[in-house]
Every structure is written in C-alpha cells, then in structure tokens.
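Got your viewer open? Load the model and we'll walk through it stop by stop.

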Amino acid sequence: MKDKKIVHGFSKKSRDEKLGLVTEYHPDPLSALAVFKSFHHPDAKTQKLLEEFSENTITNFPLPYCICPNMLVNGHSYMVPMVIEESSVVAAASNSAKFWFTRGGFTTEIIGTEKVGQVHFIWKDDKSLLRERFPALKELLIKECFDITENMIKRGGGITDIELKDLTDKEPGLMQLYGTFETIDSMGANFINSCLEQFAVTFKKWHAAQKEFSKDGLEIIMCIVSNLTPNCRVRTYVETTFDQMDNMIKGVSGKEFARRFYLGVRVAESDPFRATTHNKGIMNGVDSVVLATGNDFRAVEACSHAYASRSGKYTSLSHVELTGTKFRFSAEIPFALGVVGGLTNLHPLVRLSLELLGNPSATELMGIAASVGLANNFSAVKNLVTVGIQQGHMKMHLLNILQQLKIPENRKEEVIGYFKDKVVSVSAVRNLAEKWHLIEAEN
Ligand code: MEV
C-alpha cells in the first residue's frame, strides 16, 4: 500500500502514465502492468474507442459474450446475445428456450412505453395560485422545450404530460413537476434530463414574472429522470397443457410438475426473502441481454425491484396460473431500453448484438429481454421444485474447477464422469486429480 498522499490530476494523465501510477499500488508492479496490458485490444483504434466510454480507463475487462439459441418470441426465432459471468445462466436460458420452442415459444405484450422525469422544488408562495395558473405554465413549459423536443416529435415522441404534485405533507414546500415522456427507440435519459432542465429555466422565469409571487418563493432543488418506469412495461408468457410437460423431469407427470411449480412461485409471491432470489433469477437473463445490447442494467435493476415492491411488499415479478389442464407462466417487467443513442452506435459488439437480433425496436428488445428473464426463471424454479439447484450448478462449477486446477483437456471427461453421482467441491476434485496424477500433490 502506498502512502496516503492525495493524487491530483489523475484523469489528465495518459493511459500509460495512469498504468504506471496504479501498478505502484500493487505488490508486483511489473507483472500487474503486464496483465493489464495483455487485455488491451490489439487494434489501437478500437482500444481508444473503448477507453473513451469511461473516465480513467487503464484496460478492458472482458466478460463472456454468450448466445441463447432457439429463443422463440412472438413467432421469431432469435439467437440472443447474453453477456454474463455466472456459469449456469446461459445454459439454463438455452435449456428453457429449447423446451418452449416446441410449445409455442414466448408471447409478449407491451403494456406501455411511458418514461418519467421530475423537477423537484420548494414552493413558498400561494399554492392555490400555482395550481390555478398551472395549465398556462404547463403550456409554456412544453412550448419552450420545442428546440429539444422537435426531433423526438418528428419520430412520434415528445413530452406527453406534466403534472403538478404536492409533497408538502412530507417536507414543507416540497412539490414537483412530474413529466411523462415518449422517447420511442431511445432510452431517453438524456432527452428527458435536457427537457427537465429547460422546464426549470422556464419555471423560474415564469415565477419571476408573476407579480403576486415573492422573490424567493421558488427554489429548484433538482431536475432528473426517474428510473422508475412502471408504465413502460412488457408482459411475457408461455403456456401449454400439463401433458406437454410429462416426463420433462424423468418420472414426473406434467400435472404434478405444474402443481409443484405453482407452489414454488407461490413461495416467491408470499415471501420477500424468496422473492428476492426468485427475481434475481429473472434478472440474470434480463441483465445479460441488457448488457449485450449496451443498455443500462443498473437502471433496469433499480426499476424492476422498485416495481416488485409497488404494493408496499416486495414480491415475485412472475406468476403462474393453472386453469383446467392449462399451465401459464408470465412476468411483467418494467424497463427503459434503447436501441439508438448511447453505446448502441459506438460499441462494435453492441452494434453486432442488435444486428443479430434483427435491429429490433426498443419495444421488441423489451420483449426479448423479458422473455430471456422468464426462460431463466422457468429453469431455476423447475429445478428447485424437482431435482434441486445444485445438480445443474455443480456441473458448471465442476468445469470451472477443472479449469482452475489446470486439469489436462484429454482427462476432463473422465473427471466429469467420476463426479456424475458425487458431491463436487474444489478439494474433492483436487484430491482426485492428485490421486490420478493429473496435477502435482500439494505439500
Ligand atoms: C442463481 O443465480 C439464481 C437462482 O438462485 C434463482 C432462483 O433461485 O430462482 C437459481
């Protein structure tokens, strides 16, 4: 560890200067430098592009770019790109996608595409007068944003409404302009934030011009998009009859499977501890598509979990219905996704992901990502209520351990065969590998 001197001007240094400085904090600066450099892209132009996505970039951090084949959504078969480091997620999604491919696939419905942004302010003047004059103010707010909204309006979007909200019961004077927006194929955060900052300028000017209001009667606190977009939401579902699920798990009838699956989802609907893990399983699929398509997974995460708590109690995002002999599994997921702007035109792999998906609209992408989430959720709950989760997980985990212990390629199958009916752990694999002389024994 270096001394505690503050580092000035780090961002102004060149990448190599930064690397030199940073690696001094590592116990073995030379080898750290070599590893960092080994992850630089061989093409200098691409490397520069990657570096410019962020600040203080010193190297790249690769994650696996994987494919979930056979993802049938609204009758289209997709090869869905998924960027994720967790070994079992893509296998689970692919498994599920293949199962549902022959049973009608996933069907999606867009429930809404409304985005939200707010100007939070403190109001010390007459509230009723503000309410009374709000229709005129609203018209002005929209009009004075025209330079920003013109292009979006041409594409069919823009500001859809502005409401005045009163939060004075929470904090004296606290109110907000609650704006709703249609941002078509863009995620919309930049567009919305620009509109909101213009709202604030117009609002202040308008306030100053009304003679009944005082000089300090309006204080703008902040203008910011909301990542909670409950009305920008997609529903995805799969459905089939019980007999179509006979023996999906060996020896288990479709009817019995459906009953246990239903109970598995009821647990998540009833208990926030289980719901959190259940929804995490959905987000495994969703986030990996969101990442592969250059979208903001933090926004998607924040939104989905806030939405899962909308009743005041955190609950499952997916639900099961059993009617007669019919099984229907669905989820509703709110997202703000974009297929234009942001990284979409800049990152070569993001571009490729979107091309691979047939250049979908933002709403199509919502449907695909939500369906992958539901596919993952189906696999997870299916295993949990039947054979347990560890069987599948450990199979993938074993592959990682084999890699980690550097088991020779030509002996891996034998080791995998040996662990077919045994509990996998790093030490169990190491012991076997030592016994079979696949690796050197530890002292
Ligand atoms: C692991 O990443 C996800 C699961 O825990 C989800 C679930 O429990 O439903 C398997």
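Before we select anything, one term: two residues are in contact when heavy atoms of theirs lie within 4.5 Å. Also keep in mind that you're looking at a predicted model.

**Stop 1: the whole protein.** Show everything as a cartoon. You should find 15 helices and nine strands. The C-alpha trace spans about 90 × 70 × 40 Å along its principal axes. There are 443 residues, and 44% of them count as buried. Switch on the surface: the protein exposes about 23,200 Å², with carbon and sulfur atoms supplying 55% of that. Now think about contacts between residues at least 6 apart in sequence: 70% of these join residues at least 24 apart.

**Stop 2: the domains.** Give each domain its own colour. Domain 1 is 10-51, domain 2 is 65-112 + 233-388, domain 3 is 115-226 and domain 4 is 393-435. Notice that domain 2 is written as two stretches of sequence. Next, pick domain 3 and domain 4: how far apart do their C-alpha centres lie? The answer is 60 Å.

**Stop 3: helix α1.** Select residues 15-23, which make up α1. Which residues of this helix are buried? They're Lys18, Leu19 and Thr23. These three sit on the same side of α1, because they cover an arc of only 120° around the axis. A handy rule here: an α-helix has 3.6 residues a turn, so residues three or four places apart point the same way. Now add residues 29-38 to your selection: this is α2, part of what covers the buried residues of α1.

**Stop 4: the ligand.** Zoom in on the ligand and show the residues around it: Glu86, Arg274, Thr277, His278, Lys280, Gly281, Asn284, Ala380, Leu384 and Ile389. Look for N or O atoms in side chains that come up to oxygen atoms of the ligand. For Glu86 the distance is 2.5 Å, for Lys280 it's 2.6 Å, and for Asn284 it's 2.9 Å. On its own the ligand has 300 Å² of accessible area, and the protein covers 85% of that.

**Stop 5: Glu332.** Finally, select strand β9, residues 326-334, and find Glu332 in it. Which side chain does the side chain of Glu332 make a polar contact with? It's that of Arg233, at 2.8 Å. Leaving aside neighbours within four places in sequence, Glu332 is also in contact with Ile111, Val234, Arg235, Tyr307 and Leu317. Show those as sticks to finish the tour.

Key: Residues are numbered from 1 along each chain as its sequence is written. This is a predicted model: local features need pLDDT of at least 70, side-chain atom pairs count only at pLDDT 80 or more; totals for chains, interfaces and linings use all residues. Side-chain values use heavy atoms; hydrogens and water are left out. Buried means under 20% relative accessible area, exposed over 50%, partly exposed in between (1.4 Å probe, protein chains only). Helices (H or I, at least four residues) and strands (E, at least two) are DSSP runs, numbered from the N terminus. The arc is that of the directions from the helix axis to the C-beta atoms. Domain bounds come from an automatic or database domain assignment. A residue is near a molecule or strand if one of its heavy atoms lies within 4 Å of it. A polar contact is a pair of N or O atoms within 3.5 Å; within protein, one must be able to donate a hydrogen and the other to accept it, and residues adjacent in sequence count only if both atoms are side-chain atoms. Accessible areas come from the Shrake-Rupley method with a 1.4 Å probe; for residues, only the protein chains shown count as cover.
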